[in-house]
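Open the model in a viewer, with a cartoon for the backbone and sticks ready for side chains. The stops below say what to select next and what is there.

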Amino acid sequence: MENSGSHPEVVVPPVEGFAGGGTAYGWSETGTRDSNLPAGSIDPLKVHSSELVHVWCMPSSANVGPQDMPRTLEPISLLAARNERENVQIAIRPKVSWAESSIAGTVQIQCADLCSTSGDRLVVGESLKVRRVVPILGIPDALVPLEVPLSQLTLFPGETTAIWVSIDVPNAQPPGQYAGEFIITATRADTEFTAQCLGKAERNQLYQELRSCLDFVEPIDGKSLDEVLERMKSASSSLRRVLLSPPFLDLYSDDGSVDMMDEDAISNLSVRVKISLTVWDFVLPATPSLPAVIGISDTVIEDRFGVEHGSSKWYEALDQHFKWLLQYKISPFFCRWRENMRVLTYTCPWPADHPKSDEYYSDPRLAAYAVPYSPIVSCGDTAEGFLQKEVEILRTKNHWRKAYFYLWDEPLNLEHYQAIRNMASEVHAYAPDARIMTTYYCGPSDAPLASNNFEAFLKVPEFLRPHTQLYCTSEWVIGNREDLAKDIIAEIQPENGEEWWTYVCMGPSDPQPNWHLGMRGTQHRAVMWRVWKEGGTGFLYWGANCYERATVPSAEIKFRRGLPPGDGVLYYPGQVFSSSHEPVASLRLERLLSGLQDIEYLKYYSSRFGREEGLNLLEKTGMYLGPERYTHDHMPIDIMRGEVFRTCQSQSNF
């Protein structure tokens with residue numbers, strides 16, 4: 001989709017991109033130049049870093065891979081509301097090699113607080129974080145945390161490395177213009193950098209990494225050959241990470257000579273990337289306007305991290321995953337698959353009478369929560385007694401309005417549909433106002449509800465009523481026929497508490513929006529644009545950690561056979577990339593968050609000017625017109641956000 005000249009009716013304030021609307025990201029291919037260095041060895045302490053590396057900036061919707069070619073470096077200019085995360089990428093590619101080894105060289109990346117003219121700050125390490133983009137199956141996806149304010153990266157010949165910069169704006173952050181910079185400096189193999197930055201915690205991390213190698217290979221008696229091989233691969237991976245870490249980089253050179261870049265050298269020889277951020281007075285709601293419920297497989301956690309179901313370590317592991325995922329404005333639920341696509345789903349692993357229950361369900365970031373139909377962990381109660389107790393306690397709470405039951409995934413025949421009816425009847429016997437969610441893409445195959453498949457699909461609400469309140473349908477059914485959404489909505493009875501939700505999984509496929517690995521960045525982000533435009537009031541995704549089974553935390557991630565790459569996986573175990581136990585987000589998870597934040601912008605705009613005007617804004621900016629007609633470039637996103645800022649901001653003077 002062309003950006004220039006196609007939106008004359010939209011006036012863009014100069015807040016999102018140099019000169020407005022995204023040109024800060026350097027779409028021009030001109031302006032890059034070859035290094036004019038003399039032949040022979042290169043001392044990075046005597047050469048400006050711009051002679052050694054290309055540096056340029058890219059929007060968060062770009063997939064910056066190892067073979068991406070340089071673009072012109074321009075200042076970064078961003079716009080963000082309060083309680084919003086905004087992202088940008090900085091790409092680095094070596095022009096020459098200056099290290100006497102198989103690597104091209106190393107660079108230091110330094111950042112500082114973003115400051116406003118009134119003295120307010122967005123603090124490094126709190127609001128500003130930096131991650132390295134790591135390819136998965138050759139495609140940029142994993143976001144591995146880097147140390148701030150100073151970190152060191154290894155560059156390889158002929159490869160582009162990208163870093164992902166995230167700025168989280170707190171709720172109470174004063175509006176205004178904030179500015180800062182990233183300083184990128186080519187260095188020698190640098191042991192003094194290590195000496196300054198390697199404290200007790202880092203040394204302990206190295207120790208734990210080496211210790212984990214022993215843990216992988218020592219307890220192998222009685223293990224199968226496949227498991228022994230998996231453990232050896234994990235140990236080898238850990239050792240390789242240690243050897244490539246900064247403390248050992250100098251050992252790649254012939255003489256091991258090192259020098260530390262002093263402040264004057266950094267000042268005189270560095271590439272500086274200017275960054276400015278406009279924070280405006282709109283505050284994104286603490287509770288997302290659109291519930292996005294995302295499944296987490298508890299069995300995957302149990303297998304990979306070696307925690308026994310119901311043990312204290314099990315509770316700790318689930319608690320960590322739940323709390324980490326809340327930052328993405330999603331509503332996680334844990335899931336255990338049973339026979340015939342029956343599912344046990346629950347948001348809180350503790351029972352309703354446990355103090356943790358209120359802590360989970362009352363969290364304002366949680367838009368919806370799944371109530372378990374049967375005991376999660378064996379207890380003295382019967383299944384029926386457990387359900388009655390849970391419901392009676394939760395119904396007394398203010399957060400009960402967020403509750404739902406997810407009992408069965410994609411019923412296919414009368415037996416499945418009847419099972420849903422029976423379980424729903426049992427729930428409604430204790431709580432007539434309980435919400436039952438059913439996901440489906442067809443009617444019962446052995447009892448056609450109409451003369452053709454789509455008409456039968458449309459009749460499912462009538463067939464399931466009153467045993468379902470949240471009718472959650474696959475976007476695959478709609479395909480590129482966006483008009484069919486109106487037919488689905490016509491069958492829903494909102495006056496009786498019914499809602500229409502949607503989901504994606506294996507389908508729809510390219511070019512429609514989904515979260516498969518290798519799709520365009522705007523394609524990932526457009527999943528939420530589609531939900532909002534079609535009129536859905538909730539969204540479900542079946543799994544965020546559903547990779548192949550492994551029994552070692554650092555084992556290689558393998559996507560499940562038979563599924564498109566990335567399907568069911570939105571984040572990775574931290575141990576795959578380092579000794580950190582914190583999960584590692586994917587680009588696709590960040591774009592999910594960005595899409596949810598886009599919905600808040602569109603909803604805010606529509607609250608001022610009406611939903612029709614909100615839909616018109618999507619179209620006139622060229623951001624999203626339909627499932628196969630949405631922008632492939634970032635500029636229309638900037639235009640939409642800039643238009644909301646321009647028309648909806650208060651009269652406060654920055």
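How many bridges join S4 to strand S9 (residues 150–155), and in which sense do the two run? Six bridges join them, and the pair runs antiparallel.

Before going on, note that this is a predicted model, in which local features need pLDDT of at least 70 and side-chain atom pairs count only at pLDDT 80 or more, while totals for chains, interfaces and linings use all residues. Residues are numbered from 1 along each chain as its sequence is written, and side-chain values use heavy atoms, with hydrogens and water left out.

**Whole chain**

Colour by secondary structure: the protein has 17 helices and 25 strands. Helices (H or I, at least four residues) and strands (E, at least two) are DSSP runs, numbered from the N terminus. Of the 654 residues, 56% are buried, where buried means under 20% relative accessible area, exposed over 50%, and partly exposed in between (1.4 Å probe, protein chains only). Among contacts (heavy atoms within 4.5 Å) with a separation of 6 or more, 76% are between residues 24 or more positions apart.

**Strand S4**

Select residues 105–111, strand S4, where six of the seven residues are buried. Two strands pair if DSSP finds at least two bridges between them. On the S9 side, isoleucine 109 stands opposite serine 151. S4 also pairs with strand S11 (residues 176–187), in the antiparallel sense and over six bridges. Glutamine 108 there faces threonine 185 in S11.

**Two single residues**

Pick proline 145, in strand S8 (residues 139–145). Proline 145 is partly exposed, at a relative accessible area of 48%. Its C-alpha is 7.9 Å from that of lysine 129, with the two positions 16 residues apart in sequence numbering. Leaving out residues up to four places away in sequence, proline 145 touches Val130, Arg131 and Val584.

Then pick serine 61, in the loop between strand S1 (53–59) and strand S2 (76–82). Is serine 61 buried or exposed? Serine 61 is buried, with a relative accessible area of 8%. Beyond its neighbours within four places in sequence, serine 61 is in contact with Gly521, Thr522, Arg591 and His634.

**The nine-strand sheet**

Show the open sheet of nine strands, ordered S15-S14-S13-S21-S20-S19-S18-S17-S16 with mixed pairing. Strand S15 (343–346) and strand S16 (369–370) are the edges; each has a single partner strand, so one side of each has no neighbour in the sheet. From the S16 edge, S16 pairs with strand S17 (residues 403–409) in the parallel sense over two bridges. Tyrosine 369 has alanine 403 in S17 as its bridge partner.

Helix H9 (residues 414–430) packs on this sheet, touching S17 and strand S18 (436–440), and its direction makes about 155° with that of S17. Axes are lines fitted to C-alpha atoms, for helices over the stretch in contact, and angles run from 0 to 180 degrees between N-to-C directions.

Move on to S18, which runs parallel to S17 and is joined to it by three bridges. Aspartate 409 has threonine 439 in S18 as its bridge partner. Five of the five residues of S18 are buried, so the strand is largely enclosed by the rest of the structure. Ile436, Thr438 and Tyr440 point one way from S18, and Met437 and Thr439 point the other way.

**Helices H8 and H9**

Add helix H8 (residues 383–394), whose axis comes within 9 Å of that of H9 and crosses at roughly 45°. In this contact Glu384, Leu387, Gln388 and Val391 of H8 meet Glu426, Val427 and Tyr430 of H9.

**Helices H14 and H15**

Last, select helix H14 (residues 521–534) and helix H15 (residues 587–609), whose axes come within 8 Å and cross at roughly 40°. On the H14 side, the residues in contact include His524, Met528 and Trp532; on the H15 side, they include Arg591, Leu592 and Ile599. H14 also lies across strand S13 (292–297), strand S20 (499–504) and strand S21 (538–541), running at about 145° to S21.
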